[in-house]
Structures are given as structure tokens and as C-alpha cells.
There are 2 protein chains.
Amino acid sequence: MVTIRDIAKAAGVSPMTVSNVLNSRPHVKDSTRARVLQTIDDLDYRVNIAARNLRRGKTHTIGLAVPEVDRPYFGELGAAIIENGRRHDLNVVIEQTERSRENELTALALSRLRMYDGLILSAVGLGESDVDLLRVDFPVVILGERIFQGPLDHVATPNEDGAHAAVQHLIERGCTRIIAVHGSLSDDTDVSSLRHAGYRRALADAGIEEDSRLTLTLDVFSPEAASAAVHQAVDAGLQFDGVFCVTDYVALGVLRALADLGISVPDEVKVIGFDDVESSRFLTPSLSSVNPSKDLIAAKAVDLLVDRIKGATGDPVEFVSPYALMARESTAVR
Amino acid sequence: MVTIRDIAKAAGVSPMTVSNVLNSRPHVKDSTRARVLQTIDDLDYRVNIAARNLRRGKTHTIGLAVPEVDRPYFGELGAAIIENGRRHDLNVVIEQTERSRENELTALALSRLRMYDGLILSAVGLGESDVDLLRVDFPVVILGERIFQGPLDHVATPNEDGAHAAVQHLIERGCTRIIAVHGSLSDDTDVSSLRHAGYRRALADAGIEEDSRLTLTLDVFSPEAASAAVHQAVDAGLQFDGVFCVTDYVALGVLRALADLGISVPDEVKVIGFDDVESSRFLTPSLSSVNPSKDLIAAKAVDLLVDRIKGATGDPVEFVSPYALMARESTAVR
DNA sequence: CGCGATCGTTGTAACGTTATACAACAGTCA
DNA sequence: TGACTGTTGTATAACGTTACAACGATCGCG
């Protein structure tokens, strides 16, 4: 392995001068700089990042831990975070927690942390009860779904208000019997519960009485499961004219099931999702959805993290991103 | 920052003994071990990974560089690689190259490399002409699309044969005028060119004469662009009864355009994609596609990389994964 | 011409961990 | 008794980089 010392020897300078050249610091004569660069090129030298990180105590890298990298929403979120990281000269690496509380704690607390200057954690497994475990002396921003009044900065999705707007939109378009398709409502702060609260509030605001049979709960969070749930509901004779899906990902299965059953969207049933994933615009029918301003979420999360990395010590910040309702064919009136 | 030395002092042992405890090495009395562990817990000590990596010269982490993390195919690939990495106790981090040759070279050659024990690079910007730049003395597996007879192990997608099977399938279902929707055919080894070759061979095998007007080339690789291209072709009066899409991602735009134009799939036009992304099963109509055995690709890539990390020095391996044709509604005959 | 400021460069000492070699000690066996 | 084995522990010296202080040389200025 070629080290800085080899370069120094070959170029006839001290290791420190090589280091100065590598870091484009001033106070190096142009001719010396050129000679060192030439030597670096000749010997095909590469900086050893581990050594540099050790010495500097910084890695210029932040981690992004998401539940699943193969869910479109998290792919798009990752791309947005990477883009914002670049603005601050930060390298971003993505890790997967597999939706498990344990892995989220691992990402958060375990040794690996030390390879990053900070972490953006999209938490779905951790809950209010884990607040004490979040007291880490390390820059972390909690992202996305749950509400935390914890010790960490939090960038939240407008879950309840967004869901409220979505369901209100269905009601405005004439729906009165609206199904809600959710993941399991494990506690009061998971995505499904928060969005369900918005659903209920919208019904209440419109004076529509809630019917618990209209809430379909999935044990697995997937289009397959959503599709199966809709099939089962229809087979059981459930009447409905609208479906609010907790995510676009789930809506994919719902739309598919309705097509299988020969139920026309939007004529017989209107469907709306949440997340406004790229592909939703291209489905047939195109899927109405709530856009949670992913780019803003990413920008805010990175900015907050950078502040903390720089040493900001203020109280934890809670930021709820705005949302926009994207009305498309799946909720059209004709 | 609490170091191993602090623990040693507090527990009344040498730093080396703490290290031995941390790495569960033998030759430490149980009582000593317990005392050290207690001290570690008391002082809330965490290993400094940078220091350990420097000293050990290993990181137990591999990188996966993909063009775009927000394309479903790469999300799914990432998930598969992570899963296979776990089998070898390897941490996987994902980076984005933005489809640029330059960034791919950066990921490959630049300093960052040193934070990983190896790299899996899904190359779309690099070409045959860059072969010399690939002579790195570092474990790297090239993934996916292009053909390389380079100095590195290569796990290839069955591009030509898969495309051939897809187009043959269209022909068997009665299509005779088949559009091909591609990205730019920049050289002979990019995805589009390879798959296009399969398209042409299938036409030739069936005795269908090629019509160059039926090849639609996108300058941007997106559903939007694909949709626009189909609109334009139809407006120009182009007659066709089948569409072969270079990826499912592009097919999304094609299906959407056909729906906009009131052209029925599969009755008037049959459509097939490539990649067999998860959502394709749920589209209406569900999209026929070529499944390139993503899991096998991931497993093979990780295995090869692990071998190289362990020091295997044999000739570069070229592995082409098998494919499976998934016939769905978009190519059904009724 | 003398003095402080600036420039270009260097030596030294870490950063926190671990590989290596070896020391101290107890027990075993001939 | 002494040579040996095995256990438990430690001292030392790195890994490759960079912060810091300090050096001689050059320069501008009064």
C-alpha cells in the first residue's frame, strides 16, 4: 500500500507537505505542489480514509437508515437526501433497518454510528416508549412517520392533516362510504394510526358516521395484502364508494383488486393514496394522492443535521412539512 | 470521548485486556471479563470504528454503487444485495452515481473506496473503452447491464436473450409490427443496444423485416419521455400491434400513453417490459416482463466479491444470470 | 539596515485501536 | 528439583493521517 510517506520520500519533501498538497492548503510553492502531485500520480497513491477519519474525528459522511430500500417512497426519499447532502459536501450512505425496532436501535446506538458524522433515521419501529433510548450524544434527526416529543430533532410527515385532506377530497367528490386501508394500528404514533385519525376527523367534519367495518387492517404491509383485503371485503358484501389508502404502495394492490372485481374506478369507487410516489401519475387510472413534500422533508432534515454536526445545542426542533393534494383520475367525477 | 484506555484505567487492567474482552478473545479470566464489561457499561463506551478499521485494515462493509436509488429496479437490487451481504456478515451501504461515467469512476477509483472492503458497481456510464481504468487492485464486481471483458468479475443481466424471448413472446401472441422503446444507443454495450440486438434477432428469427421507424429512442430515460414518444408515434400515423419496452420503468409511460390514446392493451396492442419490477404485477393491465433473476444476480455478485476480498486471484469471472418470461395481461390473447 | 511579518516547510506527537511478543504465575510431571 | 505446559495478562509498537509549533528564509517598511 502506497502511503503519504512513500510519496514524501519520492518527492523529496516531508509527509506534512504531501498532506498539505492533498488538502489544497496554502503555503506550498507551486513547483513543490506540482512535483508532489506528479509523484502521487506516478505511484498511484490514494488517501487512506480510515486514517484520515481517525485523525480528523470527522467522516464527512452521514447515514440514512430507512425501513426498506425497495419501497418506492424510500428510494425517492434517499435520492432527495443524497441531493441535499451534496449541497453540504456530505456523502450519504443508505442502510436498511427492515422495519424492526431492534435494527433501528442498532443503527442509532451501536458502534457503527462512529463511521458517520450524523444519522437520519426514518423510524417506524421505535415508539414513544423508546424516548429514553434516543438520548444519544450524536447528531441524529428522526424522520418521517411517527410523532416524537423526544430529545432529537424531528422532521414529520403531515400525516393527520394530509389524510384529512385526502378523505375530505373523497367526500367532496361525492363519496359517503369510504374504506380505510391501513397497516396494523400498533400504537397511537405509527403512520397508520396518525393517518387513520385524519380519516376519522374528516368523516366527523362532514357529519358522516364511522363504520368500523370499513377499516381494513393489513398484517403485512404490501400490495398483495391490500388486494386480498379488498377481495375479501367485496366478497363479504361490503358496500363502499371510496377508498383511502394509507400509502400509494398499498393503493397499488387496491386498484388491482378493484380491476379484478370489475369495479370501475373512479365511476363506482374513488381511490386516493398517500406519498405521491412517482409511478402513481402513470397508473391507469392515475392515482390521486397526498404529496408530503418529500424534497422539503429531505432539505430540512439535512439542514437540521448539519446544524447539529456543527455543534448547535438548542432545543429539539419539530418540523412538520406541508402537503399538497394531487387530484387525478382515480377520484375524478364525470 | 471515552476510549479503551479510560476503561482500562477504571477497571484496573491494560488496554489490551479491554481489547481482548471487546473481541471476545480467550485468555481472559471470567471475573476480569465481567469487571471490564461492567466498566464499559458504566462509562457508556463505544468502539471507535475508524481506529479499528485503520488498525485492522478491514471494514466489514461493502459498497453498492447504483445509478439511481429511486428507480424501483435498483431499490429491489439493493434490498437483495443487503440480504446476501448479511449472510457473510457484511454491512452494505448504497451510493448513487447518477448514471454518470465520472461518478462511476469516482466510486471505483477514488479515495472513498478505502472505506469498504469491496465494491459492487452497477455500471451504466462506463464502457469498453474504459477497461484500462478498471485495473484496480481492490475487490470490485461489475454488475448488471453492460458487457465487459475487463479485468474484473462481472455479473451480467441476460440482456440479449431476455429481449429475444420477450419479442418472440409478442410474435407468438400474434404481433407483427412491434415497436421497440429504448434509451439512446450510445455504443454497442449499453443496456438499450444489447436489448435491441435481442429484439432484432427475434424479428429475424420469425422472418419479420425490421422497420426502423418502429424503433423509438428516448433522450431521457423516464416514463414521461416514453409516454411522449408513443403519443408522437401515434400522431404521426405509425401502425403497430406490439411494444417491447427496454425496462418496466419505461413501460409505465407506454401503458399510460396507450390508455390516453384510447388504444386497448392487450386487444389492439400488446406490451412487454424488462426487469419484472414488483409493481408490474399490479398494474392494470398487469405488465408482462422478463425477470432477470435479481436474487441470483445479487447472490452471485456478493459471493464473487467475498471471494476476492478473501484473496482469490483467479481470472475474472463472467456470469450471466438466467431469465424467466412472465406472461401477464398486457400480452394476453382473448 | 534592522525588525517584524509572511512564506514554505518540517519534526513531533498524537488519533484509538490491535498484533506481536513476552512476562508472570500456577500447576504438572518426571 | 527443575523443566515444561497452559493460563492470564501486559508493554510496545505500529496502522496512515494530520494539528501544532516551530524553523529558516525572504520580504516590506520605516
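Biologist: Which residues are the closest to DNA strand D?

Modeller: This is a predicted model, in which local features need pLDDT of at least 70, side-chain atom pairs count only at pLDDT 80 or more, and totals for chains, interfaces and linings use all residues. Residues are numbered from 1 along each chain as its sequence is written, and chains are lettered from A and ligands numbered from 1 in the order in which they are written. Around strand D there are 26 residues, a residue being near a strand if its C-beta atom, placed from the backbone, lies within 6 Å of it. The closest are Ile4(A), Asn48(A), Ala51(A), Ser14(B) and His27(B).

Biologist: Which element gives the largest share of the surface near DNA strand D?

Modeller: Helices (H or I, at least four residues) and strands (E, at least two) are DSSP runs, numbered from the N terminus. Two or more residues come from each of α1 (4-11), α2 and α4 of chain A, and from α2 and α4 of chain B. The largest share, five residues, belongs to α4(A).

Biologist: And which element supplies the largest share of the surface near DNA strand C?

Modeller: Strand C has 27 residues around it, with Val13(A), Ile4(B), Ser19(B), Asn48(B) and Ala51(B) coming nearest. At least two residues each are supplied by α2 (15-22) and α4 (49-56) of chain A, and by α1 (4-11), α2 (15-22) and α4 (49-56) of chain B. The largest share, five residues, is from α4(B).

Biologist: How many residues of the surface near DNA strand C are charged?

Modeller: Here Ala, Val, Leu, Ile, Met, Phe, Trp, Tyr, Cys and Pro count as nonpolar, Asp, Glu, Lys and Arg as charged, and the others, Gly among them, as polar. Near strand C there are 12 nonpolar and nine polar residues. The charged residues there number six.

Biologist: What relation links chain A and chain B?

Modeller: The copies are superposed by least squares on the C-alpha atoms of residues with pLDDT of at least 70 in both. A rotation of 180 degrees with 0.2 Å of shift along its axis places chain A on chain B, with an RMSD of 0.4 Å. That is the relation of a two-fold axis.

Biologist: Which element gives the most to the side of chain A that touches chain B?

Modeller: Residues are in contact if their C-beta atoms, placed from the backbone, lie within 7 Å. By that count, 36 residues of chain A meet 37 residues of chain B. On the chain A side, two or more residues come from each of α4, α5 (72-87), β2 (91-96) and α10 (248-260). With six residues, the element giving the most is α5(A).

Biologist: Is Glu95(B) buried or exposed?

Modeller: Glu95(B) sits in strand β2 (residues 91-96) of chain B and touches Val93(A), Gly63(B), Ala65(B) and Ala107(B), leaving out residues up to four places away in sequence. A residue is buried if 20 or more other C-beta atoms, placed from the backbone, lie within 10 Å of its own, exposed if 12 or fewer, and partly exposed in between. With 21 such neighbours, Glu95(B) counts as buried.

Biologist: What is the radius of gyration of chain A?

Modeller: Chain A has 11 helices and 12 strands. The globule rule, 2.2 Å times the number of residues to the power 0.38, gives 20 Å for its 334 residues. Chain A is well over that, so it is more spread out than a compact globule. Taken over C-alpha atoms, the radius of gyration is 25 Å.

Definitions and conventions. Contact = placed C-beta atoms within 7 Å.
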